[in-house]
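Student: I am new to this structure and would like a close look at one part of it. Please choose a single helix, go through it with care, and then say what else deserves a glance.

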Amino acid sequence: MQGLSQHLTLEAVASRQRLELAQQHLKNAYESQQDLIDRQEKWRDRILFANATPIEPLETCIDIPVPPKIHTVIATDGSQIAPNHHEIAYCYLLNIGRVVLHYGQNRHPILDSLPEVFYRPEDLYMSRQWGIRTEEWMSFRRTASEATVLAELACAAKGEAPALAMVDGSLIYWFLEQLPMDARDRILPPILEAWQQMRDAQIPLMGYLSASRSIETMNFLRLLACPHPAPDCKTYCPNQLEKVACKIFEQLRDTSVWATRLKPGQRSTLWRSNSPILELYGDQTIYFCYVHVGTEIARIEVPAWVAESVTILDQALGLMLAQVQKGYGYPVAIAEAHNQAVVKGGDRTRFFALLEQQMIKAGLKNVGTSYKEARKRGSIA
């Protein structure tokens, strides 16, 4: 414990020094922003670290406007019951929490969940041909289901009032980079189709990231810190895991720097992410900004069509900020969607009890859990 506290004290000092260095580089980058963007564009195939492109001046700090009183907010979130060989049947369940909140419209909210059971061999074993475990595949399927259900809710809720569709977490699905093409083609197209439906309905989509660990904007400043004639990592610094010259504010997150720049209710510069996976997104590439929501600096992600319209972006950010205030520091619609989706221990027991009843009704004999599962549920001691 003593060693840990000493380590944390030293780390706090080092972190403060990194922050001061980053602030200095950010100020210097104000003058040379366009030159840095040109270098980034020219050498993008040779740069070996994730970095984003600023779309507005780096010194941007914009007050988010107050949203209209009459509006609608939609959110989905998911959870699951994983397959277990010790249970009475090898299957998994996805539960998608659905929330639609109407403000100032005298309309009933939607607060429920949509469960679905997967038991066919293609659902359970198909992913193994790509070396993906069923549990992992289940979480990928869940991501696609969340997007599909969100689009259905958004299109059904479309009315005169402004609306916002929110999801918890990033809209950049980094995990897709590791997947083979066939596996990716079963996850990404339904998501992009759902996003297109929301675009057609003109309901902005937003990903809300609390406690973001991203360093994409800090990595843009590494272009300024590069001591070489050009940011050609492949030639000068092929091993990025080593200590390279431009890693002067390593471990410093974007949120740490923007916390020193933004006042509550303000947003940062708008950035375009350059993640390689976004090449598959077509015209729905992802932009992001940082917002001081009062309790923290949140990373907010939106598709290109939302970012390209100042009016739509401002209104969406205003509705998001109102959600955070109503939820005491976290968007109330996302929190409720999570609460609706979460599968508790009692729910799990009831699910398998219902399944057991159905199997007995269907005339199946010798229905029961394994001895291991039975022993885990009841103690002799």
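Tutor: What follows is a walk along helix 12, and then a short look at two loops and a cavity. The model is predicted, and every value here is computed from it.

Helix 12 runs over residues 345-361, which makes 17 residues. At 1.5 Å a residue it should span 24 Å, and its end C-alpha atoms are 25 Å apart, so the two figures agree.

Next comes the question of which residues face inward. Phe 351, Phe 352, Leu 355 and Met 359 of helix 12 are buried. These residues lie on the same side of helix 12, because the arc they cover around the axis is only 90°. The spacing behind such a pattern is general: an α-helix has 3.6 residues a turn, so residues three or four places apart point the same way. On the other side of helix 12, the exposed residues are Thr 349, Arg 350, Leu 354, Ile 360 and Lys 361. A residue counts as buried under 20% relative accessible area and as exposed over 50%.

The buried side has partners. Its residues pack against strand 3 (71-81), strand 4 (92-103) and strand 5 (110-118). After helix 12 comes Gly 363, with a positive phi near 90°.

That sign leads to two other places. Most residues other than glycine have a negative phi. Asn 106 is not a glycine, yet its phi is positive, at about 55°. Asn 106 sits in the loop between strand 4 and strand 5, and both of those strands are packed against by the buried residues of helix 12. With a relative accessible area of 83%, Asn 106 is exposed. Ala 211 also has a positive phi without being a glycine, in this case about 50°. Its place is the loop between strand 7 (205-209) and helix 6 (216-225). Ala 211 has 54% relative accessibility and therefore counts as exposed.

Last is the empty space inside. Rolling a probe the size of a water molecule over the atoms shows where such space is left. A search of the whole structure finds one cavity of 30 Å³ or more, and the largest cavity holds about 90 Å³ of space. Its lining has 15 residues, with Cys 226, His 228, Cys 233, Cys 237 and Cys 246 nearest the centre. By type, the lining of the largest cavity divides into eleven nonpolar, two polar and two charged residues.

Methods:
Residues numbered from 1 in each chain as written. Predicted model: local features only at pLDDT ≥ 70, side-chain atom pairs only at ≥ 80, totals over all residues. Heavy atoms only, no water. Helix = DSSP H or I, 4+ residues; strand = E, 2+ residues; numbered from the N terminus. Expected span 1.5 Å × (residues − 1). Buried < 20%, exposed > 50% of the residue type's maximum accessible area, 1.4 Å probe, protein only. Arc of directions from axis to C-beta. Contact = heavy atoms within 4.5 Å. 1 Å grid on protein atoms, 1.4 Å probe; cavity = no way out; pocket = protein on both sides within 12 Å on 5 of 7 lines; lining within 4 Å. Points joined across faces, edges and corners; volume = space filled by probe spheres on them. Nonpolar A, V, L, I, M, F, W, Y, C, P; charged D, E, K, R; others polar.
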